[in-house]
Amino acid sequence: MLRTVVKEVKLYAENQIKHIKKQAKIGLALSMEKDLNKLLEMIVDAARAMSNADAGTLYILSKDKKRLSFQILQNETLKRRMKGIENFEKAMPDVPLYKVERPNYSNVSSYVAITGKTINIQDVYKANGFDFTGPRDYDAATGYISKSMLIPKES
């Protein structure tokens, strides 16, 4: 039994070292990388690795601060990696932060951007309180099945 515990602790420590090395790599890239899309893609890669996520999406706030635009989309199952706003103009519509001058709390990403609260959704198809039309439309178009979501506010 002691050997099993030691083995598990060793695996855990090795995993933590991998995460630390990835974070250090991102830290170096932050100071050296000139290509914003490449840098953002590295950040999504690292976030997915740390959270063991199959997919990840990164939005950026528009210059007028009225909407969120897709910048990075990664999906391991579908072997899809997209970056750059030009790739999303038709495929992924912007998420408005306000509708008729009122905060758009119906979309989970706009809710997080407005409130600064991190949201953890266990099951997109069973959750209430947000409009999940976007993820469900994506699933219908691609055959993917969205499950859980962790939507952190950028710091």
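1. A word on exposure first: a residue is called buried when its relative accessible area is under 20%, exposed when that area is over 50%, and partly exposed in between, using a 1.4 Å probe and protein chains only. Asp94 is partly exposed, with a relative accessible area of 35%.

2. Please keep in mind that this is a predicted model, in which local features need pLDDT of at least 70 and side-chain atom pairs count only at pLDDT 80 or more, while totals for chains, interfaces and linings use all residues. Residues are numbered from 1 along each chain as its sequence is written, and side-chain values use heavy atoms, leaving out hydrogens and water.

3. A good place to start looking is the largest nonpolar core (buried Ala, Val, Leu, Ile, Met, Phe, Trp, Tyr and Cys residues joined through side-chain atoms within 4.5 Å). This core has ten residues, including Val108, Tyr111, Ile119, Ile121 and Phe130. Two elements, α3 (108-115) and β7 (119-121), give two or more residues to this core, and α3 supplies the largest share, three residues. Helices here are DSSP runs of H or I with at least four residues, strands are runs of E with at least two, and both are numbered from the N terminus.

4. Next, have a look around Phe130. Leaving aside residues up to four places away in sequence, Phe130 touches Tyr105, Ser106, Asn107, Val108, Tyr111, Ile119 and Ile121, where contact means heavy atoms within 4.5 Å. Apart from the largest core lies another one, of six residues, among them Leu73, Met82, Tyr138 and Tyr144.

5. Now to the charged side chains. Eight salt bridges are found in a search of the whole structure; the term stands for a side-chain nitrogen of Lys or Arg within 4 Å of a carboxyl oxygen of Asp or Glu. In one of them, Arg81 pairs with Glu41, with 3.2 Å between the closest N and O atoms. Arg81 belongs to strand β3 (residues 80-83) and Glu41 to helix α2 (residues 36-51), so this pair ties together parts that are 40 residues apart in sequence. Glu41 counts as buried at 11% relative accessibility, whereas Arg81 is partly exposed at 44%. Both residues also appear in a network of salt bridges that links Glu41, Asp45, Arg48, Glu76, Lys79 and Arg81.

6. Finally, which residues does Arg67 meet in salt bridges? One partner is Asp64, with the closest N and O atoms 3.0 Å apart, and another is Asp94, at 2.8 Å from N to O. The pair with Asp94 links distant parts of the chain, 27 residues apart: Arg67 lies in strand β2 (residues 67-75) and Asp94 in the loop between β3 and β4 (95-96). Arg67 is partly exposed at 32% relative accessible area, and Asp64 is partly exposed at 41%.
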